Amino acid sequence: MPLRFFVNGIESPVIEQPVDPAMETIVQRFGLSRDSAQYTFRCAMPMAQLGQTESLRVEFRPGAGRELSPYQDWYLRLAPGLQADVTRRVRVAATSDPIFFESMGFSACLAIRRALREYFNRDYADYEAILDWGCGCARVARFVTEFAPHKLVGIDIDPDNIQWCKENIALARFDCIDVDPPTRFADESFDLVYGISVFTHLSATDQDRWLAELQRITKPGGAVLMSVHGEIAFFRGDSDLQRFLALEKEGFYLYGRCPDLDEVMPEMKESEYYKNVFHSRRYIYEHWSRYFEIVDVIDAVIAGHQDFVIMRRR
Ligand SMILES: C[S@@+](CC[C@H](N)C(=O)[O-])C[C@H]1O[C@@H](n2cnc3c(N)ncnc32)[C@H](O)[C@@H]1O
């Protein structure tokens, strides 16, 4: 299927061969060419064509040029921002590529913002207290704090990443929490709660305990946005029909253990707390609605494969 690329609304040429090295392109500016050999095409928008801009919106359109959902757009900042070192980045995002890491964080921040505007008619700055549950090394929180300085609290069970956040992000507060709820927060503390790629790692029992805890600390009417591995994420990583049927039948599918936290939290090996799990769409509507009103589920928003569950505290 042919794909067309638009950068800040301008269609970009797709070329098969390496570009003229004298011409500065997005590919070179961002160092993207390093991995591009594995792909069958390159998108080479000359920077000169973009004029003065601080960030890029990269939009993909299939075949005839029909627009996809704006939640599928990718965003990149031209000036690289502060980032944790590679070990910390790999631990939360499974990529050592700083540009990909940066763009996933920025894109997730803007996708949440789009959803807040679309479903709640609000922006980050309209909220009083924002919780980033499972913030890691602030891949997303770093950008959210720019829209809402001094309103965000980031929490995580990973002490090393929380320490990094405390030392490097001034506009928010960070706290290391226990693996098991409850947290130290009072009832109804936050009016916006989001968690990127956290429920993708918890057992069904831990999921339920954390859904109840998040419900407790969210204000009535508050917005709760969580990413999950849904059917699209499953097919991106697996094509086994039996496993897919099991996901559809059970709704919750335990894929296996995730070793990503083993190095900083050796106790994880024994407890097998951290896993890789998938949720069917039907399960989200049937099961999660015991805790929150399900407002919508948006396909493959986070990093191009995790679905985004938009909820409201009743
Ligand atoms: C895949 S990483 C994503 C990190 C961050 N949200 C991001 O998008 O970069 C998942 C994070 O959830 C954290 N985590 C796991 N269980 C948690 C829990 N019960 N409460 C808070 N954080 C948790 C992990 O330590 C890890 O940092």
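The following paragraphs lead through a predicted model, from its domains to its strands, its nonpolar core and the surroundings of its ligand.

The protein is divided into two parts, with domain 1 covering residues 3-68 and domain 2 covering residues 86-312. Between the C-alpha centres of domain 1 and domain 2 the separation is 30 Å.

A convenient place to enter the strand arrangement is S10, which spans residues 190-195. This strand is mostly covered, since six of its six residues are buried. S10 has strand partners that can be taken in turn. Strand S7 (residues 130-133) runs parallel to S10 and is joined to it by three bridges. Within this pairing, Asp132 has Tyr194 of S10 as its bridge partner. Strand S11 (residues 218-228) also runs parallel to S10, and five bridges join the two. Here Phe190 is paired with Thr218, which belongs to S11. The connection from S10 to S11 passes through helix H7 (residues 204-217), and this β-α-β crossover is right-handed.

A further parallel pair is formed by strand S8 (residues 152-156) and strand S9 (residues 173-176), with four bridges between them. One of the residues involved is Asp156, whose bridge partner in S9 is Cys176. Helix H6 (residues 159-168) completes the motif: S8, H6 and S9 make a right-handed β-α-β unit.

The nonpolar interior comes next. In soluble globular proteins, nonpolar side chains tend to be buried together. In this model, the largest nonpolar core comprises 65 residues, and Leu225 and Phe308 are those with the most contacts inside it. Helix H4 (residues 98-120) supplies the largest share of this core, namely 10 residues. Because domain 1 (3-68) and domain 2 (86-312) both give residues to this core, it lies between them.

The last region to consider is the ligand site. The ligand is surrounded by 21 residues, of which the closest are Gly134, Gly136, Arg139, Asp158 and Ile196. Helix H3 (86-93) and strand S8 are the elements that give two or more residues to this shell. S8 thus appears in two settings: it pairs with S9, and it contributes to the surroundings of the ligand. By class, the shell holds 13 nonpolar residues, together with five polar and three charged ones.

Key:
Residues numbered from 1 in each chain as written. Predicted model: local features only at pLDDT ≥ 70, side-chain atom pairs only at ≥ 80, totals over all residues. Domains from an automatic or database assignment. Pairing = 2+ DSSP bridges. Right-handed = clockwise from strand over helix to strand, strands pointing away. Near = placed C-beta within 6 Å. Nonpolar A, V, L, I, M, F, W, Y, C, P; charged D, E, K, R; others polar. Core = buried A, V, L, I, M, F, W, Y, C linked by C-beta atoms within 7 Å. Buried ≥ 20, exposed ≤ 12 C-beta atoms within 10 Å, placed from the backbone.
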